[in-house]
Structure formats: structure tokens, C-alpha cells
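Here are my notes on the model you sent round. They are set out as numbered points, to be read with the structure open.

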Amino acid sequence: MLKYLVQFGIILLEGTGAVILLFSAVKSVVRLCKKQPHARLSIAQGIALALCFKLGGEVLRTVIVREWSELLVLGAIIFLHAAMSVLIHWEIKMEEKRLSVITDLVD
């Protein structure tokens with residue numbers, strides 16, 4: 001019973017991450033077509049949020065791991081997700097600084 005509940009939770013979390021990523025991509029493309037300055041920030045924030053959901057699914061997957069080799073692969077995936085999340089948050093911070101400088105110059 002627990003195995004099926006965990007598998008459902010994994011599918012739910014990863015599916016939510018995929019939907020968030022798709023929605024953010026469409027929203028950013030629309031903003032890019034309208035030449036709005038926050039298009040890059042929008043996609044970066046969407047990717048960061050989607051990665052959080054995907055990472056949650058990977059962590060939940062550790063509950064049903066049966067072998068050490070699976071655990072090592074899962075650990076590597078979690079590490080890569082965390083590293084990408086840190087890089088994306090850094091990119092968001094840099095983009096926010098860039099936009100604030102542009103806003104200050106315009107004002």
C-alpha cells in the first residue's frame with residue numbers, strides 16, 4: 001500500500017513540476033514577444049519552482065529504493081537538481097540586480 005501511495009506522490013510532484021515548467025515557458029515567450037523586460041526573470045523563476053517539485057519527487061523516490069546502486073544514482077540526481085537550483089537562484093538574483101539598475105537609469 002505504501003509503495004503505491006509513494007508512486008502516486010512521485011507522479012503528482014513530477015507532473016506538477018512539468019506543468020509549472022510548461023506554463024512558465026509559455027508565459028515567458030509571450031512576455032518576450034511583447035518585449036517586456038521581465039521575460040528572463042519569469043522563466044528562471046518558473047524553472048526554479050519546477051525543479052523544487054522535481055526534487056521533491058526524487059526525495060520521495062528514496063522511500064521505495066531497493067538496492068544500493070539505485071540509491072547512488074538517486075543521490076547523484078538529487079545532487080544535480082540541487083546544484084541546478086543553486087545556479088538558477090543565482091541567475092535570478094543577477095537578473096533582478098540588472099533590472100533594478102535599468103529601472104534606476106530610466107527613472
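1. Is Arg40 buried, partly exposed or exposed? Arg40 counts as partly exposed, because its relative accessibility is 46% and the class runs between 20% and 50%. Please keep in mind throughout that this is a predicted model. The partner of Arg40 in a salt bridge is Glu91, with 2.7 Å between the closest N and O atoms. This pair joins distant parts of the chain, since Arg40 lies in helix α2 and Glu91 in helix α3, 51 residues apart. Glu91 is also partly exposed, at 30% relative accessibility.

2. The overall fold. The protein has three helices and zero strands, and its elements run α-α-α from the N terminus on. The C-alpha trace spans about 60 × 20 × 15 Å along the principal axes. The radius of gyration is 18 Å, whereas a compact globule of 107 residues would have one near 13 Å. Buried residues account for 23% of the 107 residues. Of the contacts with a separation of 6 or more, 70% are between residues 24 or more positions apart.

3. Helix α2. This helix covers residues 39–61, 23 residues in total. From the first C-alpha to the last it reaches 33 Å, close to the 33 Å expected at 1.5 Å a residue. Its buried residues include Ala39, Ser42, Gly46, Ala50 and Gly57. The buried residues of α2 pack against both α1 (2–33) and α3 (68–106).

4. The nonpolar core. In soluble globular proteins, nonpolar side chains tend to be buried together. Here the largest nonpolar core consists of seven residues: Leu41, Ala44, Ala48, Leu51, Ile88, Ile92 and Leu99. Helices α2 and α3 are the elements that give two or more residues to this core. The largest share, four residues, comes from α2. Leu41 touches two other members of the core, Ile92 and Leu99. Leu41 also touches Glu95 and Glu96, when residues up to four places away in sequence are not counted.

5. Glu95. This residue is in helix α3. Glu95 is buried, because its relative accessible area of 4% falls under the 20% limit. Leaving out residues up to four places away in sequence, Glu95 touches Pro37, Arg40 and Leu41. Glu95 also belongs to a network of salt bridges that links it with Arg40, Glu91 and Arg98. The pair described in point 1, Arg40 and Glu91, is thus part of a wider set of charged residues.

6. Arg61 and its two partners. The count for the structure comes to five salt bridges. In one of them the side chains of Arg61 and Glu14 meet at 2.7 Å, N to O. This bridge links distant parts of the chain: Arg61 is in helix α2 and Glu14 in helix α1, 47 residues apart. Arg61 also meets Glu58 in a salt bridge, at 3.6 Å, N to O. Arg61 and Glu58 are separated by about one helical turn, because they are three residues apart in helix α2.

7. Exposure of these three residues. Arg61 is partly exposed, with a relative accessible area of 29%. Glu14 counts as buried, at 17% relative accessibility. Glu58 also counts as buried, at 8% relative accessibility. Both acids fall in that class because their values are under 20%.

8. Cysteines. How many disulfides does a search of the whole structure find? The search finds zero. A disulfide is a covalent bond between the sulfur atoms of two cysteines. Cys33 counts as exposed, because its 63% relative accessibility is over the 50% limit. Cys52 is partly exposed, with a relative accessible area of 44%.

How values were computed:
Residues numbered from 1 in each chain as written. Predicted model: local features only at pLDDT ≥ 70, side-chain atom pairs only at ≥ 80, totals over all residues. Heavy atoms only, no water. Expected span 1.5 Å × (residues − 1). Buried < 20%, exposed > 50% of the residue type's maximum accessible area, 1.4 Å probe, protein only. Contact = heavy atoms within 4.5 Å. Core = buried A, V, L, I, M, F, W, Y, C linked by side-chain atoms within 4.5 Å. Disulfide = S-S within 2.5 Å. Salt bridge = Lys/Arg side-chain N within 4 Å of Asp/Glu carboxyl O. Rg over C-alpha atoms; globule rule 2.2 N^0.38 Å.
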